[in-house]
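Biologist: Please take me through this structure and say what stands behind each label.

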Amino acid sequence: MSAASSSPAPLSAAEFAAHLAALHPSDTLAVAFSGGPDSLALLYLAAQWAKKSKHRKLIVLTVDHGLRPESAKEALACARMAKALGVSHRILVWRGDKPKAGIQAAARDARYRLLAQACVSEGASDLLVAHHLEDQAETFLLRLARGSGVDGLAGMAAVRMLQGDVRLLRPLLDVPRARLMAVLAKAKLEAIQDPSNDNPRFDRVKARRLMAGLSALGLDASRLADTARHMARVRAALEAETRVLLSTHATLAPTGYIEADAAAFLRAPEEIGLRALAEILKCVGGTDYPPRFDALAGLYAALKAGKLGNGRTLNGCKLVFEGKRLVALREAAASLGAAPLRLKTGESGIWDGRFVVSLSAAPKRAGGIEIRSLGSEGLAALKAQGLDAPAGVKSALPALPALWKGTALLAAPHFGTVDPAYRLEVRVLRPVLFAAA
């Protein structure tokens, strides 16, 4: 057999369309684009998909993490590549101080936060990322090494929710990387090479090298990804039970706190109770990921024992018993630490990972305005103006979003009009897991 005949075939446009259709995409998609080989193959295939219908819109998003001197130059190169493929492009910059430890995790969190916010502002319901078969296998190995349970060993999901109503889609999760490289070769496209992808300091690079030896035992990327799929079916069954518990016994209020039937949680099997508690903490805490398992298990044990006392905190949330109800609300101090959100008239964004905020009206020269936590100062100002507080748990009010200009409160949507020149509309990020109040 010749070398040419044994080479993997490039993923075709029809195959890509079928992979994407299985995820039920919207007509407005965003593509996370680093300029690397995998994301370039995804962008090329997605651009072909979009051109098949005039109703489809594609926006390309590149995050400049600012971690390497050449990152800004590479982001501009990404813009040129997108333009060559006839697709709109935006550069998103990660600003502020960077942590000295855990930089990869911090960069990942910042990347998805910026991407989700850009999707909201662009009206894109779905974000495509280029994770492929080998990525799934590496993820399985890394999580196995960390002692992960069912959720971790299920690997990356083909669909998961980001902030707001934005979904993250992985249409290439079952596709070997070699077929994506064949796409680039056939299209004569040249990608940016990131040196960190070969840096043995990073665990993912170590896993990649380990897989080469494991394949001799039959543990190749396909076998590892198959095992992850088996675990994913188990995860899906557990998630279905968790959804029943939450949708029946937990209510998400418009002001962002959750009330749950404590007795129903105590009756649930431990695994389901733990999962439900994790979802509550993610929603109220405005995070994509649950807290570490040992901390989650400790809080769950206190809940089972009825030992919350005056309240227990975790993940930026406070949990208290109020009669027969378990109440989870955002810690006021945590909301004060949320990054301010600056919007222009007509723009929308996500604040504190919990609310979609839209500035529908403001004076033409309204500079220096930003969405921040209402806090005790804002509550005092509202009380002085005689505006009534919304119904519900009063201790949740300081963590609500408000529009400020310096120390002047301009709008607090949950309370009514403060300055009629400004209109700020807010809705809670309501996962389908919870019932509405």
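Biologist: Which residues does R235 touch, leaving aside those up to four places away in sequence?

Modeller: R235 touches V150, D151, A154, G155, A157 and R275, where contact means heavy atoms within 4.5 Å. This is a predicted model, in which local features need pLDDT of at least 70, side-chain atom pairs count only at pLDDT 80 or more, and totals for chains, interfaces and linings use all residues. Residues are numbered from 1 along each chain as its sequence is written, and side-chain values use heavy atoms, with hydrogens and water left out.

Biologist: Where does R235 lie?

Modeller: R235 belongs to helix 10, residues 221–249. Helices here are DSSP runs of H or I with at least four residues, strands are runs of E with at least two, and both are numbered from the N terminus.

Biologist: Why does R235 have no salt bridge?

Modeller: A salt bridge needs a side-chain nitrogen of Lys or Arg within 4 Å of a carboxyl oxygen of Asp or Glu. For R235 the nearest side chain of opposite charge, E239, is 4.1 Å away, so the pair does not meet the 4 Å limit. R235 is nevertheless buried, that is, under 20% relative accessible area, with exposed meaning over 50% and partly exposed in between (1.4 Å probe, protein chains only).

Biologist: How many salt bridges does the whole structure have, and what makes R179 and E15 one of them?

Modeller: The search finds 19. In R179 and E15 the closest N and O atoms are 2.8 Å apart, so the pair passes the test of 4 Å. R179 sits in helix 8 (residues 177–187) and E15 in helix 2 (residues 13–21), so the bridge ties together parts that are 164 residues apart in sequence.

Biologist: Why is E15 called partly exposed?

Modeller: Its relative accessible area is 32%, and therefore it falls between the limits of 20% and 50%.

Biologist: What separates R68 from E74 in accessibility?

Modeller: R68, at 24%, counts as partly exposed, whereas E74, at 17%, counts as buried. The two form a salt bridge, with the closest N and O atoms 2.7 Å apart.

Biologist: How do you know that R325 and E322 meet in a salt bridge?

Modeller: The N to O distance between their side chains is 2.6 Å, so the criterion of 4 Å is satisfied. R325 is partly exposed at 34%, and E322 is partly exposed at 32%. Elsewhere, salt bridges that share partners join R68, E70 and E74 into one network.

Biologist: Where is G306, and is it buried or partly exposed?

Modeller: G306 is in the loop between helix 13 (293–305) and strand 9 (312–314). It is partly exposed, with a relative accessible area of 48%. From C-alpha to C-alpha, G306 and A79 are 56 Å apart in space, and 227 residues separate them in sequence.

Biologist: How many helices and strands does the protein chain have, and what makes it as compact as a globular protein of that length?

Modeller: The protein chain has 15 helices and 18 strands. Its radius of gyration is 23 Å, close to the 22 Å from the globule rule for 437 residues, so it is as compact as a globular protein of that length. The radius is taken over C-alpha atoms, and the rule is 2.2 Å times the number of residues to the power 0.38.

Biologist: What share of the residues counts as buried?

Modeller: Of the 437 residues of the protein chain, the buried share is 46%.

Note on methods: Lys, Arg positive; Asp, Glu negative; His and termini not counted.
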